[in-house]
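User: Please take a close look at one helix of this model, and then set it in the context of the whole. A connected formal account would be preferred, with cut-offs stated for each term.

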Amino acid sequence: MLRTLIYGARQIVTVTRNNNEKFLCGKDMHAIGVIKSDAGGLSLMIENENIVAIGTDDAIARDFEGMEIDNKIDASGCCILPGFVDAHTHPIWAGDRVHEYAKKLAGATYMEIMREGGGIGFTVEQTKLATDEELLIGLVARLKRMLHAGTTYVECKTGYGLEWPDELRLLKLLEQARSYIPIGISITYCAAHAVPKNKTAEEMTEDIINKQIKALRQLIDNKEIDVNDIDVFCEKGVYDIEQSRRILLAGQQIGLSINFHGDELNYTGSAEMGAEIGARAISHLECISEEGIRAMANAKTFAVILPHTGYILRIEMPPVRKMIDAGVPVALGTDANPNAFSSAMSISMNLACVLCHMSLEEALAAATINSAAALGISDKYGSIEVGKKADLIICRCPSWEHIIYQFGDHTHIIRYVLKHGEVVYAKSA
Ligand SMILES: N=CN[C@@H](CCC(=O)O)C(=O)O
Ligand SMILES: [Zn+2]
């Protein structure tokens, strides 16, 4: 057995307060657990991959007296937080879209660019032209940036292939990435991300249901690929509400959880439809209705908020305060993709606080335990609790809030990132 001790910390941010909460909602999102030391430091003991004890340095030293400790990490002057869980990313693609960024700054909308063949269509073309090796190198480099920014688990969507052979290639590369980088990966199948040129949404709906999802089922049954969720871009001019419902239900029938893009640029009724069919999570929701908020609160469907997207597109932010007050569990993601080019959850949290009016505590709960729950993994990840996986960030700062407050400066603050108890990133002195 490998035993690792982290000692001397100023604060340990457990996030959950009563152990075993699988997510936080309503007022509980603001009341996160933080252990502070009045005198002396705080310790956390890890055995193999798991957290086995949390307490003062003195108490942990007493409890483990005489036992062999293989690694010791000095966290004096530091705060320990759970690794961030990024609940929504599109990390596998080729060809950037910096030229479109300039167009957007000059006033072009997301849909205007998409209708001219840019946006997702442009990235699909560039991705098709790239070799497997190029795609894998780009993917692993992006995942590495995320890991160094404190993300220890990430949802990764396909969606720049659209048709089966191309989507299959992306699935295989996402699966391969697991052996190149120690970050947790939850794969989401998102062939319904856009409609390919010369096809209609109806033709693609049939193709995805009758061809792609059937082929996917075989791969999953043969244990060739571990896919978790099914996704659709449910949006005016992309997949309509009924096409989205059919695709999502077909995915659900092969055992995938429903986790999709809805009510982003226009109100489509995605929130109501998602809650009705048992979606675990719906992302964006900038245009959600009051009825949609009630439906998601009742169904306890996670709202995955992506503030970087609203910021870059200069669109109205989702009504996050109303959602939290109504009891919708709120999670957070970077949306990392060639439109919203960003990989740091600390930046998403800052934007969530300033632009979506979340408190620091709510933003952290959304970026940890709730994002883990939005991916169905909060039994093991998303908080610091005895028995959970030791996915941790050690930050040098006077109090944990600095990781959000010091906008864009996470590289200066994060000293160590641990995945399953192992140091996978250490800031050079
Ligand atoms: N809205 C749809 N999909 C992505 C954007 C992907 C892209 O533009 O390449 C999103 O979540 O923002
Ligand atoms: Zn997205």
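Analyst: **One helix and its setting**

Lys300, which follows helix H10, has a positive phi near 55 degrees. Helices (H or I, at least four residues) and strands (E, at least two) are DSSP runs numbered from the N terminus. The model is predicted: local features need pLDDT of at least 70, side-chain atom pairs count only at pLDDT 80 or more, and totals for chains, interfaces and linings use all residues. Residues are numbered from 1 along each chain as its sequence is written, while chains are lettered from A and ligands numbered from 1 in the order in which they are written. The protein has a mean pLDDT (the predictor's confidence in each residue, from 0 to 100) of 97, with 100% of its residues at 70 or more. For the complex, the predictor gives an ipTM of 0.97 and a pTM of 0.98.

H10 itself spans residues 290-299, and its buried residues are Gly292, Ile293, Ala295, Met296 and Ala297. A residue is buried if 20 or more other C-beta atoms lie within 10 Å of its own, exposed if 12 or fewer, and partly exposed in between, with C-beta atoms placed from the backbone. Those buried residues pack against two helices, H9 (270-276) and H12 (320-326), and two strands, S13 (281-284) and S14 (302-305). Contact here requires C-beta atoms, placed from the backbone, within 7 Å of each other.

Another helix, H13, is mostly covered, with ten of its twelve residues buried. Among them are Met345, Ile347, Met349, Leu351 and Cys356. Just after H13, His357 also takes a positive phi, of about 60 degrees.

The largest nonpolar core holds 138 residues, of which Ile80, Ala363 and Cys395 touch the most other members. Such a core is a set of buried Ala, Val, Leu, Ile, Met, Phe, Trp, Tyr and Cys residues joined through C-beta atoms within 7 Å. H13 (residues 345-356) gives the most to this core, with seven residues. This core lies between domain 1 (3-82 + 382-426) and domain 2 (84-375), because both give residues to it. Ile80 contacts, beyond its neighbours within four places in sequence, residues including Ile6, Val13, Leu44, Ile384 and Ile394.

The bounds of domain 1 and domain 2 come from an automatic or database domain assignment. Their C-alpha centres lie 30 Å apart. The contact between them takes 26 residues from domain 1 and 33 residues from domain 2. On the domain 1 side, helix H16 (402-405), strand S17 (414-419) and strand S18 (422-426) each supply at least two residues. The largest share, three residues, comes from S17. That side has 15 nonpolar, seven polar and four charged residues. Ala, Val, Leu, Ile, Met, Phe, Trp, Tyr, Cys and Pro count as nonpolar, Asp, Glu, Lys and Arg as charged, and the others, Gly among them, as polar.

Elsewhere, Ala177 belongs to helix H6 (residues 164-177). Ala177 counts as buried because it has 21 C-beta neighbours inside 10 Å. Not counting residues up to four places away in sequence, Ala177 touches Leu136, Leu139, Val140, Leu143 and Ile185.

Ligand 1, finally, is surrounded by 13 residues, the closest being Ile120, Phe233, Thr309, Asn337 and Asn339. A residue is near a molecule if its C-beta atom, placed from the backbone, lies within 6 Å of it. The shell divides into four nonpolar, seven polar and two charged residues.
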